[in-house]
Amino acid sequence: MQLTCPDCDKPVELVGTHAHCENCNRDVALEARCPECHQPLEVLKACGAVDYFCQHGHGLISKKRVEFVRFDA
């Protein structure tokens, strides 16, 4: 799934727990969700690494498997 900027519809670059649009020079808030149950994941940050944990029984989730969705709150 390719994430796009809500303003210009150009692709955004994933940077940690948010995305950045080079075209607009804007950050886009993202929410990490479990690929199994689609519930929000707990973000664990330590020593420069970011890991994801599902509190609904699926344990640690690889960054490659995380579903990122725009967070519109």
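β5 and β6 form a hairpin with 4 residues between the two strands, and Gly 57 in the turn adopts a positive phi of about 100°. Strands here are DSSP runs (E, at least two residues), numbered from the N terminus, as helices are (H or I, at least four residues). The model is a predicted one, in which local features need pLDDT of at least 70 and side-chain atom pairs count only at pLDDT 80 or more, while totals for chains, interfaces and linings use all residues. Residues are numbered from 1 along each chain as its sequence is written, and side-chain values use heavy atoms, with hydrogens and water left out.

The strands β5 and β6 run antiparallel and are joined by 3 bridges; two strands are taken to pair if DSSP finds at least two bridges between them. Within this pairing, Ile 61 of β6 is the bridge partner of Tyr 52. A further hairpin is made by β4 and β5, with 2 residues between the strands, and there Cys 47 takes a positive phi near 55°. The antiparallel strands β4 and β5 are joined by 5 bridges. Ala 46 has Ala 49 as its bridge partner in β5, and Lys 45 stands opposite Val 50 of β5.

Together these strands make up an open sheet of 3 strands, in the order β4-β5-β6 and with antiparallel pairing. The edges are occupied by β4 (42-46) and β6 (59-61), each with a single partner strand, so one side of each is left without a neighbour in the sheet. On average, neighbouring strands of this sheet are turned by 40° against each other, direction ignored; the axes are lines fitted to C-alpha atoms, for helices over the stretch in contact, and angles run from 0 to 180 degrees between N-to-C directions.

An open sheet of 4 strands is also present, with the order β1-β2-β3-β7 and antiparallel pairing. In this sheet β1 (13-15) and β7 (67-70) stand at the edges with a single partner strand each, so one side of each lacks a neighbour in the sheet. The average turn between neighbouring strands of this sheet is 40°, direction ignored. β3 and β7 run antiparallel and are joined by 4 bridges, and Glu 31 has Val 69 as its bridge partner in β7.

The largest nonpolar core comprises 15 residues, of which Val 12, Ala 32, Leu 41, Tyr 52, Ile 61, Val 66 and Phe 68 touch the most other members. Such a core is a set of buried Ala, Val, Leu, Ile, Met, Phe, Trp, Tyr and Cys residues joined through side-chain atoms within 4.5 Å. Two or more residues of this core come from each of β2 (18-21), β3 (26-33) and β5 (49-54), and the largest share, 3 residues, is supplied by β3. Beyond its neighbours within four places in sequence, Ala 32 is in contact (heavy atoms within 4.5 Å) with Gln 39, Pro 40, Leu 41, Tyr 52, Val 66, Glu 67 and Phe 68.

A search of the whole structure yields 1 aromatic pair. This pair, Tyr 52 and Phe 68, is edge-to-face, at 5.9 Å centre to centre and 80° between the planes. It links distant parts of the chain, with Tyr 52 in strand β5 and Phe 68 in strand β7, 16 residues apart. Rings of Phe, Tyr and Trp (its six-membered ring) are paired if their centres lie within 6.5 Å, with planes under 30 degrees apart counted as stacked, over 60 as edge-to-face and the rest as tilted. Tyr 52 is buried at 2% relative accessible area, and Phe 68 is buried at 9%; buried denotes under 20% relative accessible area, exposed over 50%, and partly exposed the range in between (1.4 Å probe, protein chains only).

The count of disulfides, defined as pairs of cysteine sulfur atoms within 2.5 Å, comes to 0. The sulfur of Cys 24 has its closest cysteine sulfur in Cys 8, at 3.5 Å, which is too far for a bond. Cys 24 is partly exposed, at 31% relative accessibility, and Cys 8 is also partly exposed, with a relative accessible area of 24%. Cys 8 lies in the segment before β1 and, apart from neighbours within four places in sequence, is in contact with Cys 21, Asn 23 and Cys 24. For Cys 54, the closest cysteine sulfur is that of Cys 37, at 3.8 Å, again too far for a bond. Cys 54 is buried, at 1% relative accessibility.
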